[in-house]
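The following account leads the reader through one structure, from its strands to its pocket, its salt bridges and its surface.

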Amino acid sequence: MRAPISVVIPTLNAEAALPGCLAALFEGLNAGVIRELVIVDGGSMDETVKIAEEAGATVVQSAPSRGGQLRAGVAASKGDWVLALHADTQLAEGWSDVVAGHLSSEKAGYFKLCFDRKGLAPRIVAGWANLRSRLLGLPYGDQGMLVSRALYTEVGGYPDIPLMEDVALARALKGRMVLLQAHAVTSAGKYVRQGWLRRGGRNLWTLARYFTGVSPEKLADAYRR
């Protein structure tokens, strides 16, 4: 029987982060839960595509829009389950056993968030993210998303938008997601560069504006500035 999971990763100039993300996935290959790896590249100018090809991934080229990239990646994949990950996220040791145990469920799953930095600020921000996910049903993309193809198709999948595609899918899956008891370790680089308070506040403001109807395209423009 074929392994059930297609891993889909959107990339754009991710040569520094992608090797660590891929290394953490070998556990799933050894456990027999990963069928394929699909990298959807948005036009990288670095070694991202070379790294993906050397890892044996199927590489799909797409316009640089995270929602569009994820949608294209899922469309190109063949597994009964899809595991969507960001290139700067690494699944912590033991994740494959947790995921294997979840595959009999009809619900989607996401991971506990933690950062690759120690200290009070990373713990507070990750704690808030995990609380938000449980109470509001809004995990972000850096927590990963494991969803059966049937459920993904039923709710319409990732929308082709440049930002908030993770929130859009989470809202479509509301009440049909569970927390997986394994960690997704994500890069703290943006928080370190911009400041933990500033970055966290910016993320909350972006989410609030999205809920009030501001278009993802406008949000993406502001987010990148």
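The model is a predicted one. A useful place to begin is strand β4, which spans residues 81-84. This strand has a partner in β1, with which it pairs in the parallel sense over four bridges. Within that pairing, isoleucine 5 is set opposite tryptophan 81 of β4. Strand β4 also pairs with β7, here in the antiparallel sense and again over four bridges. Two positions show the register of this antiparallel pairing: alanine 84 faces methionine 145 in β7, and valine 82 has valine 147 as its bridge partner.

The side chains of these strands can be read face by face. In a regular strand, side chains alternate between the two faces of the sheet. In β4, Trp81 and Leu83 lie on one side and Val82 and Ala84 on the other, and all of them are buried, so that both faces of the strand are covered. Strand β7, residues 145-148, repeats the pattern: Met145 and Val147 point one way, Leu146 and Ser148 point the other way, and all are buried.

The discussion now turns to the pocket. The largest pocket has a volume of about 1,400 Å³. Its lining comprises 49 residues, and those closest to the pocket centre are Arg66, Asp88, Lys190, Arg199 and Tyr223. Several elements give two or more residues to this lining, including β1 (5-11), α3 (66-76), β6 (108-115) and α10 (216-224). The largest share, ten residues, is contributed by α9, a helix that covers residues 196-211.

Arg66, one of the residues closest to the pocket centre, also takes part in a salt bridge. How many salt bridges does a search of the whole structure find? The search finds two. In one of them, arginine 66 is joined to glutamate 165, and the closest N and O atoms are 3.0 Å apart. Because arginine 66 belongs to helix α3 and glutamate 165 to helix α7, this pair ties together parts that are 99 residues apart in sequence. Arginine 66 is partly exposed, with a relative accessible area of 26%, whereas glutamate 165 counts as buried because its relative accessibility is 0%.

The other salt bridge links arginine 176 to glutamate 154, with 2.9 Å between the closest N and O atoms. Arginine 176 is located in the loop between α7 and β8 (177-186), and glutamate 154 in helix α6 (residues 149-155), so the pair ties together parts that are 22 residues apart in sequence. Arginine 176 is partly exposed, at a relative accessible area of 31%. Glutamate 154 is exposed, since its relative accessible area is 54% and the term applies to values over 50%.

On the surface, Trp128, Leu131, Leu135, Leu136 and Leu204 make a nonpolar patch of about 470 Å². Helix α5, residues 120-136, supplies the largest share of the patch, with four residues. Leucine 136 lies in this helix and counts as partly exposed because its relative accessibility is 43%.

A final position to examine is aspartate 46, in the loop between β2 (34-41) and α2 (48-54). This aspartate is partly exposed, with a relative accessible area of 22%. Aspartate 46 is separated from valine 7 by 39 residues in sequence and by 22 Å in space, C-alpha to C-alpha.

Notes: Residues are numbered from 1 along each chain as its sequence is written. This is a predicted model: local features need pLDDT of at least 70, side-chain atom pairs count only at pLDDT 80 or more; totals for chains, interfaces and linings use all residues. Side-chain values use heavy atoms; hydrogens and water are left out. Patches are made of residues with over 30% relative accessible area and no salt bridge: like charges are joined within 9 Å, nonpolar side chains (Val, Leu, Ile, Met, Phe, Trp, Tyr) within 5 Å. Accessible areas come from the Shrake-Rupley method with a 1.4 Å probe; for residues, only the protein chains shown count as cover. A salt bridge is a side-chain nitrogen of Lys or Arg within 4 Å of a carboxyl oxygen of Asp or Glu. Buried means under 20% relative accessible area, exposed over 50%, partly exposed in between (1.4 Å probe, protein chains only). Two strands pair if DSSP finds at least two bridges between them. On a 1 Å grid over the protein atoms alone, a cavity is a set of points where a 1.4 Å probe fits but cannot get out, and a pocket is an open set with protein on both sides within 12 Å along at least five of seven lines; lining residues have an atom within 4 Å of a point. Grid points are joined across faces, edges and corners, and a volume is the space filled by probe spheres set on the points.
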